[in-house]
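Colleague: Could you walk me through this one?
Modeller: Happy to, here it is.

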Amino acid sequence: MDIEKRIHGLKTRLDYVRDISGHKDNENVRLLAAKLAEFEERAKALPVHEVAKQFTALEDFFTFVEKKLDRELTPMDKVRIVRHPQRICLRDILENVYDNYTELGGQDEYSIDPSMLIARAYITRRVGGKVYNQPVMVIGQEKGHGQEFRNGGSVKPWGNAKAQHYMKVAQTENIPIHTYIFTPGSYPIEEPPGAAQQIARNLYEMAGLSVPIVACISEGGSGGAEAIGLADARLMLSHGYYSVISPEGAAAIEGRLRQGQRAPAELIEACAKALKITADDNRAMGYVDRVVPEPPLGARPEHYDFFKLLRQEMIRATDSVVLSVRGWNFFRMMALRSGRGDEEKRTEDIYVRWSLSAQARERLIWRRYMKFRRMSRHAYLDPRHYLDKVSGWGREAWWSVSSFFKYDFFKKHQKKFAHAVEEIGAEVQVLKDKVGAPLGKVRGLLGNGRSLDLEKAGKSLTELSCWEGGACGFLNGSGYLSPQARDDRTVTCPRADEHGCLDLWAPELFGDSAGVCAFCGHHFPMESQWYLHNVFDRESVFEFNKRIESGNPLSHEGLAKALEKAKRETGQKCSCLTFEAKVKDVRVVVAMLTANFRGGSVGAAEGEKFIRAADRARKKHYPFLAYVHGTAGIRIQEGVNGVIQMPRCTLAVRRYMEEGGLYVVLYDHNSYAGPVASFLGCSPYQFAVRSANIGFAGPGVIKETTGIDIPPDYHDAHQALSRGHIVAIWDRREIRENLYQALLTMGGRNLYYR
Amino acid sequence: MIDVKALLEEMKASPYTMVEVATPHTGVLSLSLAPGAQVRGPLGSWKEKKGTTLATIERERNVKPIHAPTNGVVESVASDLDTAFVQAATPFCTIRHYLTKAEVLAAILKKALFLFPAPERAKYYFVPEVDKKVRASGSRAVKVRDGMELFIVSRMKRESPLAYSGPAGIIYAVYFGLADNVDAGDPLIGVCPADQLAVIQDVVNRVQAEWEEPEGNG
């Protein structure tokens, strides 16, 4: 009976090896199968003690082959490992890593989203004869060994909202958060609160959480992973993957496949390799701090030693984070860092209280900001001379100093003086009114006021009128002519079938009408230059950091050529333009994602420029406008170098807003995926130009991943407005006016705008 | 009185409708299909996928496709208009559309029934006496006449009575459900004269049983 059980165990191991080999014809698998079959045949005739002996030898052989296979694992094999139903899941971790736990926010299928599991757990430590119970908030995706209702760990927007809620709870309770990332990606639907919007909220929340966050990545799929991945310490399981997109998704894009077509296995393998998604790759690039080694061919629930190791790693990471922001840490930090001695003893023998003081909390947020700020610096090109860089730093330091004196130091004293002047002024005004009233009456009787009216009426009758909000309303007289307007032809409005729009004459449509259909108001795409010339004051645009260039950090095949072409065609170095400009004399710092450069996709260079723009706005006390001419998402060819811009930029805008900055986002055309789900989506003031599409994933991806047919207007700006993602929809011809109005009304006394 | 049976026979004799496609405006026409070609109308839950391209028309360097409005077979094409400049509303293609079961039934019922429309978007209920009757013996047990108080209009917690106006008869079909919001103009009930009930029922059964649809139709 015992032998039968053990044979069954070996068969399960064999099936597992077969599953993770995928379609590949593996000699080792055949050998294992043959050995097992041979043993089964022979065992019938052998005496019991001999069977046991031979079986032990067979088990050793299995272990030997597994170790051998482990050394040959390809990135795609690792993807198959993390997706396997036998892979450890969060429940196993809660059972084996923590000493006690209670699930929060629902259980199993009786939960708002069963794919997001949250638990209040305890770690019990005995140090120096004393027992310490240390509470933590555990948040993570649950795949449930293939349970259907878990949705494969693909979290719906409301699941992420649940996570956000309990993050706040942890902050209130001053306990650390352990997040476990087991997701192939977020469930890309826009039902309220909306996939992109909720991930952005989570990132924004985590950017300012004042408790230690430790993340452990097993399957880190893009935005879904980032929703709980912005952490002070990031661990990764050695057989996990962390990527901007699934290898299948990347293959569909690389192979230019249409909906429903399947990518060939070789292409998927190649993409998995090119994206550099493994733990070692991510460690080398600096996106994870430590790699937790797993048993050969990946951890499964029966690997108890692995859980022990994971427990030590999590405790150690939390201790390190806490000690790094504490005052008294010297000996304990040294002990944690020392490589000598028994690992387990070292971790468990050191006691660190995990709650933080107010000062430590501030230091923690600063360290988190700096940690992400330092990432991905290798992934873009900055060909500036060393002296240029030094002078740039000098200038920035000067802005900080002058801003301090102008807005902090002087303002404090200036306030008292200004209040006094205000009071005196008000008194004088009352006196003036009393004295001046009889004089005004006399002047009125003489009819002095009339002459002005007559002059105005005369002007309006003799001069050309200007239609409000029309040609001379939105144009600032720059004389810019769109190249589309040079084509003498007519175009059809895409909504002509529904609204009966007549054909539009291109020179008029792309000229005076600013690309707006005269019949239904549909907005045709306009090139990014149009905005530069028509939204901002004439000749007020001053571009900075223009030498920062998109690179090819993963040496992705074909990207260098494509970038070269985009640079040549657009004259830009990357898809993000950063400049200072004026809107009716109000100075603003603008970061503009332009759709004409690689679809406005965001990589390391774009992220860096965005962060520097936010920093500049903060240092100069200017409002910060993110103008999204169009963005297709994160540049997948840059892999994690791209996706890491989501937390990086969110941290930067949070820092800017926390210090009192006004951050306004304006979407135009199509804005999708990562950027919307992070640094754009976290702004409290997001606006859209009419006919803009805003969302997390495009219709094709939604259909492919969820099987749901979505209506044609699913990503329309009006849908985003109705679920509260954006706050208003603007006509393109009124952007300038509305922007000015927004700066005046949203930029209050405590916000920078003048 | 309408002879419903004759109507069905007439439809059976010629189970097609000819859909004439005309140019939307002036321009140079380029035909893409020949007679006998199979075409399909708009597809998708929201009819978001356009039908087969029948032709393109170019005006002021704007090439615009003209799509098939319905499924069927191209019966005739005005090939003399190919690459010629045409006026607006010039017919250039005829599609022979085989009528579907639903279309035949709709056509017959449209002629045989009187459809009473909803005056505004609201929830509709029968008045209690009628409702009782409908629940007990079906809607066809209810006789209606002009001016009879038949419905209760419920909107935003306010309820008001609504009288039926139209020819007298029995309720053949009810088009609204309990607690459904009915849009203004949508039919609430279909009324037919009492003596025609049996005939209509018979014709409907025959259509359901006998009408055959060719492959790819719908």
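Modeller: We can talk about aromatic pairs and then a surface patch.
Modeller: This is a predicted model, where local features need pLDDT of at least 70, side-chain atom pairs count only at pLDDT 80 or more, and totals for chains, interfaces and linings use all residues. Residues are numbered from 1 along each chain as its sequence is written, chains are lettered from A and ligands numbered from 1 in the order in which they are written, and side-chain values use heavy atoms, with hydrogens and water left out.
Colleague: How many aromatic pairs are there over all chains?
Modeller: The structure holds 24, counting rings of Phe, Tyr and Trp (its six-membered ring) whose centres lie within 6.5 Å. Phe624(A) and Tyr656(A) make an edge-to-face pair, 5.8 Å centre to centre with 80° between the planes; edge-to-face means planes over 60 degrees apart.
Colleague: Which parts of the chain does that pair link?
Modeller: Strand β17 holds Phe624(A) and helix α25 holds Tyr656(A), 32 residues apart. Helices (H or I, at least four residues) and strands (E, at least two) are DSSP runs.
Colleague: Are Phe624(A) and Tyr656(A) buried or exposed?
Modeller: Both are buried, meaning under 20% relative accessible area (1.4 Å probe, protein chains only).
Colleague: Switching to chain B, what do Tyr124(B) and Phe151(B) form?
Modeller: An edge-to-face aromatic pair, 6.4 Å centre to centre and 85° between the planes. Tyr124(B) is in strand β10 and Phe151(B) in strand β12, so the pair ties together parts 27 residues apart in sequence.
Colleague: Why does Phe151(B) count as buried?
Modeller: Because its relative accessibility is 0%.

Methods. Rings of Phe, Tyr and Trp (its six-membered ring) pair if their centres lie within 6.5 Å; planes under 30 degrees apart count as stacked, over 60 as edge-to-face and the rest as tilted. Buried means under 20% relative accessible area, exposed over 50%, partly exposed in between (1.4 Å probe, protein chains only).
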